[in-house]
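Q: I would like to go through this model with you, one topic at a time. Could you show it first?

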Amino acid sequence: MTDSAVVGRTGPRARAAAFLHRHARTRLALLLSAPLAWLGLAYLGALAALFVTAFWSADTFTGDLVKTFTWANFHDLVTGEVYRTIALRSLGVAVAVTLVDLVVAFPMAFAMAKLASPRAQRWLVILVLTPLWASYLVKAYAWRVMLSSGGLLGWGYGLGATVATLSYLWLPYMILPIYAGLERLPNSLLDAAGDLGARGWRTFRTVVWPLSFPAVVAGSIFTFSLSLGDYITVKIVGGKSQLIGNVVYDNIGAANNLPFAAAVATVPVVIMLVYLAAVRRTGALENL
Amino acid sequence: MNLSRTARAALWTALVLGLGVVYVPLGVVVLNSFNSDRTFGWPPPGFTLQWWGAAWRSTGVRDALWTSVQAGLGATAIALVLGTMAAFAVQRYRFFGRDTVSLLIVLPIALPGIVTGIALSNTFHSVLGVPLGLFTVIVGHATFCVVTVYNNVLARLRRTGLNMEEASADLGADTFTTFRLVTFPMMRSALLAGGLLAFALSFDEIIVTTFTAGAGVRTLPIWIFENLFRPNQAPVVNVVAAALVIVSVVPIYLAQRLSGGDPQTR
């Protein structure tokens, strides 16, 4: 340590260090440069370019982009009854998956955070995380086997099967933020509520739920967004049902109509942006 | 805590049942990887190791695995750099648009994968003219992996405060020396935990990959998807899935040990 400090005091490195030490704004600018270039310029730029494409059209014969401004894609999207149905259905599926996951995950996370011993906690977290590494596709396929008419559950395919499978897939994403939120919640608060006469349900309603709400919202961002854009699970267990993701996918692949796909893709983006804007004040984004 | 015995029992039951439901399909996958019946007849008529042998010898699996590892490592490396920089900026400084920066980092994972996928592929393809390949997959994955590193480093910075670094500066260390000898060692386990999560996220990703991978690039999930509905490949796919489940315990255990629970709240 002494070595580098002494050597550093004379060279250009020392001057750079001293300069950085004195200029906090320069330090900040350097720290922000790369992340902002990547996410602010490249990523947002890509999203913007996609949005611009939504106002173009594709030549019906060649599939080439026709770069003249048109509202036609959005017009089709808004007036087409089938798209409205699909958009509402996708929204419904995303909401249903989020609610199912919330109801299943909250008691699990609570037991993990507040009832299990610290040693057991570590193992429980591992148990919850492990399924995330098992391939998403294989899990969906395992559900397909279970849901098939001769399978373990035998419910058949459709929207219900899609909701069940998606809830299964994204459950860990709901458990982990809630667990982390509940773990941060001091036990003394729960004891205080009890000392002041609150029973279990009342403690939950007035102490646990409000304080863990940001964590719940953080989890819901994952379950909601992951469900909203999914087109693979619905292909595996959804039978003939279609979600927004399928419309986007089919318009890129089979129909080769990127402008219309881009227009359809703005629907989940707008829904997510509204959702993020609504939950930003809860502090959920810091709980992800 | 003042929970009634019934409430405790109910919560434990929910936890055990929930984990049971989570693990039954995985257990079936692992068991079926030894099922001697090619079509996974239930109950298994016998057990065999031949599918594991077939998967081991499959060059498709091996190539896909290698591609996935490369993509994961590349994306993780970029995410580590960008996520750490952003976390330091947001946690250590007050500036205009600070909330926007954190929103920007969350955005790629908050928007549906298909949107990120087609936006990036459109930009590579028609705006920049970059041919799709492994490089574009890495760029796509890094974009949504930044958030895991960012969150881990942010949490660590919040917990450690500035005292150590100020002490180091008072003792004569310059900015770089302090970073190397004080700040970085404090960050190390958070970086590892965030990096492991980023790698996991990249390793299982299929939607962004579908749109950003060129024709010849096949990550493991893409390989699985291509072979999922081919009856004669089903046992091998199943072995790959089972192997992933079994092997995954190691990095998760490490990440969990390193990030450690927060002891203060107990």
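**Charged pairs, interface and rings**

A: Glu226(B) counts as partly exposed, at 35% relative accessibility; the classes are buried under 20% relative accessible area, exposed over 50% and partly exposed in between, with a 1.4 Å probe and protein chains only. This is a predicted model, in which local features need pLDDT of at least 70 and side-chain atom pairs count only at pLDDT 80 or more, while totals for chains, interfaces and linings use all residues. Side-chain values use heavy atoms, with hydrogens and water left out; residues are numbered from 1 along each chain as its sequence is written, and chains are lettered from A and ligands numbered from 1 in the order in which they are written.

Q: Which side chain meets Glu226(B) in a salt bridge?
A: Arg218(B) does, with 2.7 Å from N to O. A salt bridge here is a side-chain nitrogen of Lys or Arg within 4 Å of a carboxyl oxygen of Asp or Glu. Arg218(B) is partly exposed, at 36% relative accessibility.

Q: And how many salt bridges over all chains?
A: The structure holds 3 over all chains. One pair crosses between chains, from Asp174(B), in the loop between helix H7 (163-170) and helix H8 (175-203) of chain B, to Arg13(A) in helix H2 of chain A. The closest N and O atoms of Asp174(B) and Arg13(A) are 3.1 Å apart. Helices (H or I, at least four residues) and strands (E, at least two) are DSSP runs, numbered from the N terminus.

Q: Is Asp174(B) buried or exposed?
A: Asp174(B) is buried, with a relative accessible area of 18%, whereas Arg13(A) is partly exposed at 33%.

Q: What does Glu165(B) pair with?
A: Glu165(B) forms a salt bridge with Arg92(B), the closest N and O atoms being 3.2 Å apart. That pair links distant parts of the chain, with Glu165(B) in helix H7 and Arg92(B) in helix H3 (residues 59-92) of chain B, 73 residues apart. Glu165(B) is buried at 11%, and Arg92(B) is partly exposed at 22%.

Q: New topic: how much area do chain B and chain A bury between them?
A: They bury about 8900 Å², 76% of it on carbon and sulfur atoms. Buried area is the accessible area (1.4 Å probe) that two parts lose on being put together, summed over both. The contact, meaning heavy atoms within 4.5 Å, takes 91 residues from chain B and 101 residues from chain A.

Q: How many residue pairs are in polar contact there?
A: There are 12 such pairs between chain B and chain A, both residues at pLDDT 80 or more. A polar contact is a pair of N or O atoms within 3.5 Å; within protein, one must be able to donate a hydrogen and the other to accept it, and residues adjacent in sequence count only if both atoms are side-chain atoms. On the side of chain B that touches chain A, helix H1 (residues 5-32) of chain B gives the most, with 14 residues.

Q: Any single residue to look at where the chains meet?
A: Ser225(A), in helix H10 (residues 200-228) of chain A, is buried at 1% relative accessible area. Not counting residues up to four places away in sequence, Ser225(A) touches Ser220(A), Met272(A), Ile109(B), Ala110(B), Leu111(B) and Pro112(B).

Q: How many aromatic pairs does a search of the whole structure find?
A: The search finds 25 over all chains. Rings of Phe, Tyr and Trp (its six-membered ring) pair if their centres lie within 6.5 Å; planes under 30 degrees apart count as stacked, over 60 as edge-to-face and the rest as tilted. Trp71(A) and Phe74(A) have ring centres 6.4 Å apart and planes at 65°, so the pair is edge-to-face. Trp71(A) is exposed at 55%, while Phe74(A) is buried at 15%.

Q: What about Phe34(B) and Trp52(B): stacked or edge-to-face?
A: Phe34(B) and Trp52(B) are stacked, with 5.7 Å centre to centre and 20° between the planes. Phe34(B) lies in the loop between H1 and helix H2 (50-57) of chain B, and Trp52(B) in that helix H2, 18 residues apart.

Q: Finally, how many helices and strands are in chain B?
A: Chain B has 11 helices and 0 strands. Of its 266 residues, 55% count as buried.
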